[in-house]
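Here are a few notes to read with the structure open beside you. Take them one at a time and find each spot as you go.

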Amino acid sequence: MAAQSNHLVRHFFGGFVRLHVLYHAAREPICGVEMIEELSRHGYRLSPGTLYPILHHLEESGYLTCRVRIAAGKRRKDYQITAAGRKLLAAARSKLRELFSEVVQDHDRMAAARATRRPQSRGQE
Ligand SMILES: [Zn+2]
């Protein structure tokens with residue numbers, strides 16, 4: 001893949017990853033390890049070195065709060081969404097709904113329409 005499109009892939013998926021993080025942090029406190037597992041379930045393979053800066057950045061920006069706990073002798077940071085994070089998530093959700101209706105639903109509708117047209121046009125040949 002070309003360097004430019006790699007950059008764009010990171011750009012887009014980076015946004016998706018942040019949305020996932022906000023969404024899950026809104027449901028329950030999450031730590032980095034759990035989030036990496038959750039993201040891999042969705043097909044995103046992230047290393048701690050990629051995810052932790054994202055979590056820190058969301059925390060610094062005021063969208064997440066962090067609480068340290070000790071679990072099995074290990075220091076774990078649990079992240080939870082803030083009021084500002086919920087606001088951002090709600091705004092993102094409405095943008096996402098709009099984007100989904102065009103990029104996915106319109107696309108599927110057009111593809112379905114093409115699929116039903118095809119046998120007819122073949123019949124006319
Ligand atoms: Zn998820």
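1. First, a word we'll need: donors are N, O and S atoms within 2.8 Å of the metal. Keep in mind, too, that what you're looking at is a predicted model.

2. Now find the zinc ion. Its protein donors are His-24 (through NE2), Glu-38 (through OE) and His-42 (through NE2), and they lie 2.0 to 2.1 Å from the ion. Along the sequence, the donor residues follow the spacing H-x13-E-x3-H. His-24 belongs to helix α1 (residues 3-27) and Glu-38 to helix α2, so this pair ties together parts that are 14 residues apart in sequence.

3. Are His-24 and Glu-38 buried or exposed? Both of them are buried.

4. Stay with helix α2, which covers residues 32-41. Glu-38 has buried company there: Gly-32, Met-35, Ile-36 and Leu-39. These buried residues span an arc of only 165° around the axis, which puts them on the same side of α2.

5. Turn to the face of α2 that points away from the buried side, and you'll meet the exposed residues Glu-37 and Arg-41. After α2 comes Gly-43, with a positive phi near 95°.

6. Last stop, the strands. β1 (residues 64-71) and β2 (residues 74-81) pair in the antiparallel sense, over 8 bridges. To see how they line up, look at Leu-64, which stands opposite Ile-81 in β2.

7. Check the turn of that hairpin as well: there are 2 residues between the strands, and Ala-72 has a positive phi near 55°.

Definitions and conventions. Residues numbered from 1 in each chain as written. Predicted model: local features only at pLDDT ≥ 70, side-chain atom pairs only at ≥ 80, totals over all residues. Heavy atoms only, no water. Buried < 20%, exposed > 50% of the residue type's maximum accessible area, 1.4 Å probe, protein only. Helix = DSSP H or I, 4+ residues; strand = E, 2+ residues; numbered from the N terminus. Arc of directions from axis to C-beta. Pairing = 2+ DSSP bridges. Donors = N, O, S within 2.8 Å, 3.2 Å for Na, K, Ca; no water.
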